[in-house]
Amino acid sequence: MSLVTDAADKPTLYKRIRADIEKRILTGEWPPGHRIPFEHELVARYGCSRMTVNKALSELAQADLIERRRRAGSFVRRPQHQSAVLKIADIRAEITALGRAYGYELIGRKLRAATAADRERLGVKKAGKVVAISCRHSADNVPFAVEDRLIDLASVPDAAAADFAREPPGSWLLHHVPWTEAEHTISAIVADDRTAEALDISVGAPCLVIDRYTWRSARTITAVRLLYPGDSHRLVARFKGG
């Protein structure tokens with residue numbers, strides 16, 4: 001019987017295994033629903049014990065990044081939608097599904113230290129950095145919505161290097177960052193000068209407002225405000241009695 005010196009028994013290795021898997025998930029290399037390699041495959045890959053692999057996978061499951069299914073293995077967790085109103089829609093996909101030509105314009109992007117207002121909006125207390133993004137979505141060259149978004153870089157560090165001039169931030173997040181909880185607040189406002197110009201509507205025209213917050217294991221991912229022309233948008237949800 002040979003004695004195996006298992007470097008994985010050191011606390012740092014199981015953390016590295018967890019970090020490697022987490023990075024593949026957050027970058028989108030392993031999308032929602034992707035099967036994580038079986039434990040024996042990870043044991044062979046990292047040259048470690050099964051106990052160490054199990055510890056790394058258990059922490060990923062506790063963080064709601066993966067789900068473990070008996071006999072089937074572990075899979076990247078899919079987000080769970082609570083209702084039609086709470087569904088996080090990809091605006092690009094939504095417009096395309098309507099048979100209309102999608103257009104996107106990045107109005108502004110800033111990587112900065114989070115201000116007190118940023119921290120309050122994101123619901124975080126610690127100082128950190130954010131990406132602040134404003135952009136406009138259009139359908140058949142007609143303004144469809146304007147977006148004002150903050151992304152917490154402590155939760156999504158890869159957002160610092162993402163090219164939001166080419167890809168809308170909402171689409172990028174949906175394809176790269178799994179979330180576990182979301183909140184929508186729906187309201188209405190009248191357009192001020194800036195909003196009216198961005199949406200090509202009259203000052204004082206009604207606008208539908210959706211404020212959305214998403215989290216992963218109690219850590220804020222993003223806060224976004226979406227403004228739509230009120231005369232061309234509505235929210236619909238259909239329910240059945242129990």
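The largest nonpolar core of this predicted model has 35 residues, and I21 and F164 touch the most other members. Helix 1 (11–26) chips in the largest share, five residues. Then there's the second largest pocket, at about 520 Å³, and a buried aspartate, D118.

**The cores**
- Several elements each supply at least two residues of the largest core: helix 1 (11–26), helix 2 (39–46), helix 3 (50–62), strand 4 (129–139) and helix 6 (169–176).
- Another core lies apart from that one; it has 10 residues, and F144, A145, I210 and L226 are among them.

**Around F164**
- Setting aside neighbours within four places in sequence, F164 is in contact with Y104, L106, R109, V131, I133, I151, A159, P169 and W172.

**The second largest pocket**
- Its lining takes in 23 residues, and the closest to the pocket's centre are I107, S134, E147, D148 and R194.
- Two or more lining residues come from each of strand 3 (102–113), helix 5 (116–122), strand 4, strand 5 (142–152), helix 7 (193–199) and strand 8 (219–229).
- If you're thinking about the chemistry of the lining, it splits into nine nonpolar, three polar and 11 charged residues.

**D118**
- You'll find D118 in helix 5.
- D118 counts as buried because its relative accessibility is 5%, and buried means under 20%.
- Not counting residues up to four places away in sequence, D118 touches R112, A113, V130 and L150.

Key:
Residues numbered from 1 in each chain as written. Predicted model: local features only at pLDDT ≥ 70, side-chain atom pairs only at ≥ 80, totals over all residues. Heavy atoms only, no water. Core = buried A, V, L, I, M, F, W, Y, C linked by side-chain atoms within 4.5 Å. Buried < 20%, exposed > 50% of the residue type's maximum accessible area, 1.4 Å probe, protein only. Helix = DSSP H or I, 4+ residues; strand = E, 2+ residues; numbered from the N terminus. Contact = heavy atoms within 4.5 Å. 1 Å grid on protein atoms, 1.4 Å probe; cavity = no way out; pocket = protein on both sides within 12 Å on 5 of 7 lines; lining within 4 Å. Points joined across faces, edges and corners; volume = space filled by probe spheres on them. Nonpolar A, V, L, I, M, F, W, Y, C, P; charged D, E, K, R; others polar.
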